[in-house]
Amino acid sequence: MLALALVAIPALAWAAPPTTVAPEKLSWGTSPTFAPFEFQRDGNAVGFDVDLMAELARRIGLQSAMLGMDYAGIIPAVQAQRIDAAVSGIYITPARQEVLDFVPYLLIGGQMVVQKGNPAHLAGKDALCGHHIAVAVNTLYEKTAHSLSNACTAAGKPAINILAVGSSAVVALTLAQGRAEGAVSSTSVISAMMSNAPDTFEPLGEPFNANSRLGIGIAKTNPGLRDALTVALKAMHDDGSYDALIKKWGLPASSTIF
């Protein structure tokens, strides 16, 4: 059936056939707590990544099979060949590229977000010393907050009170409830926050590190799958379905990798 499915999409061609851990399925691991990429709505996993992987799988003749797991275990699961791909708003970094191949699919940046009206009168990400700032734990933004805090203490100023919480959804809730004066998150997450609650939040300052890439992580032993997904992603861009997903999930137009 897989061979027939691949023949049915003649526009997509790659050097080596993709292999998967389960017949006819593209299994991918994710931690569904990162809106708008993957999160729970009415008991179902939804988001940009969920839609993207369903479409990419279809285009290479497979069925998307999402497996929810702890974020820290996703890349090891690919390395151990328990799943085919890691897809969870994963930033492509040199360290990660040493262990996996990546198919880049979005550009993303960081930004500050505050309650509507900025009641704490924060001046920007470089003026947060002594303030309570929410970030999602084990993310680039937690590292950013710690770097900013270290700069505060090095200058003889109070450290930032960093509230590292379990997900981007909890970041939004923490900020909305006033338990944090501001938050550092991705441009895409903040776009989703603004779309869902424009009277609650507002962005603060310009985005930074705006050329960070999100990628689909593939085992280095599976170049056929990497190449197949690369070709399928380009086909989505060419027929407009990639841009439609960006619009559907409220991501900024600058998110496109193309």
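In strand β8 of this predicted model, the residue A164 is the bridge partner of V135, and this pair is a convenient place from which to begin reading the fold. The strands involved, β7 and β8, run parallel and are joined by five bridges. Strand β7 covers residues 132-136, and because four of its five residues are buried, it is largely enclosed by the rest of the structure.

These two strands belong to an open sheet of eight strands, whose order is β4-β1-β5-β10-β6-β9-β7-β8 and whose pairing is mixed. Strands β4 (63-68) and β8 (161-165) stand at the edges, and since each has a single partner strand, one side of each is left without a neighbour in the sheet. In general, the strands of a sheet pair through backbone hydrogen bonds, in either a parallel or an antiparallel sense.

Further along the order, strand β6 (residues 100-115) and strand β10 (residues 201-219) pair in the antiparallel sense over 13 bridges. Two positions help to trace this pairing by eye: L100 stands opposite A219 in β10, and I108 has S212 of β10 as its bridge partner. Strand β6 also pairs with strand β9 (residues 182-186), to which it is joined in the antiparallel sense by four bridges, and here M112 has V184 of β9 as its bridge partner. Of the 16 residues of β6, 14 are buried, so this strand is largely enclosed by the rest of the structure.

Several helices can be placed in relation to these strands. Helix α7 (residues 187-196) has T187, S188, V189, I190, A192 and M193 as its buried residues, and what covers them includes the strands β6, β9 and β10 together with helix α6 (168-176).

Returning to the pairing of β6 with β10 in the antiparallel sense over 13 bridges, one can now add the helix that packs there. Helix α8 (residues 223-239) packs on the sheet, where it touches β1 (25-30), β6 and β10, and its direction makes about 55 degrees with that of β6.

Helix α8 also packs against helix α9, at an angle of about 80 degrees and with the two axes 4 Å apart. Angles of 65 to 115 degrees count as roughly perpendicular, and α8 and α9 are therefore roughly perpendicular to each other. On the α8 side the contact is made by L233, M236, H237 and D239, and on the α9 side by S241, Y242, D243 and L245. By character, the residues of this contact of α8 with α9 divide into four nonpolar, two polar and two charged.

Helix α9 (residues 241-248) has a further helical partner in α2 (residues 48-59), for the axes of these two helices come within 10 Å and cross at roughly 160 degrees. Angles over 145 degrees count as roughly antiparallel, and α2 and α9 are therefore roughly antiparallel to each other. The crossing in which α2 passes α9 is right-handed. From α2, the residues F48, D51, L52 and R59 meet S241, Y242, L245, I246 and K248 of α9, and the residues of this contact of α2 with α9 divide into five nonpolar, one polar and three charged.

The loops deserve a separate look, beginning with R82, which is found in the loop between α3 (74-79) and β5 (85-86). With a relative accessibility of 54%, R82 counts as exposed. Leaving aside residues up to four places away in sequence, R82 touches V21, S27, P76 and A77. R82 also lies 9.3 Å from G29, C-alpha to C-alpha, although the two are 53 residues apart in sequence.

Some backbone geometry remains to be pointed out. Most residues other than glycine have a negative phi, and most peptide bonds are trans. Against that background, the peptide bond from A35 to P36 is cis, with omega near 5 degrees, and P36 lies in the loop between β1 and β2 (39-41). N138 is not a glycine, yet has a positive phi of about 60 degrees; this residue lies in the loop between β7 and α5 (140-154), and at 61% relative accessibility N138 counts as exposed. N209, likewise not a glycine, has a positive phi of about 50 degrees, but its place is in strand β10, where N209 is exposed with a relative accessible area of 52%.

Methods
Residues are numbered from 1 along each chain as its sequence is written. This is a predicted model: local features need pLDDT of at least 70, side-chain atom pairs count only at pLDDT 80 or more; totals for chains, interfaces and linings use all residues. Side-chain values use heavy atoms; hydrogens and water are left out. Axes are lines fitted to C-alpha atoms, for helices over the stretch in contact, and angles run from 0 to 180 degrees between N-to-C directions. Angles under 35 degrees count as roughly parallel, over 145 as roughly antiparallel, 65 to 115 as roughly perpendicular and the rest as oblique. A crossing is left-handed if the near helix is turned anticlockwise from the far one by less than a right angle, and right-handed if clockwise. Contact means heavy atoms within 4.5 Å. Ala, Val, Leu, Ile, Met, Phe, Trp, Tyr, Cys and Pro count as nonpolar, Asp, Glu, Lys and Arg as charged, and the others, Gly among them, as polar. Two strands pair if DSSP finds at least two bridges between them. Buried means under 20% relative accessible area, exposed over 50%, partly exposed in between (1.4 Å probe, protein chains only).
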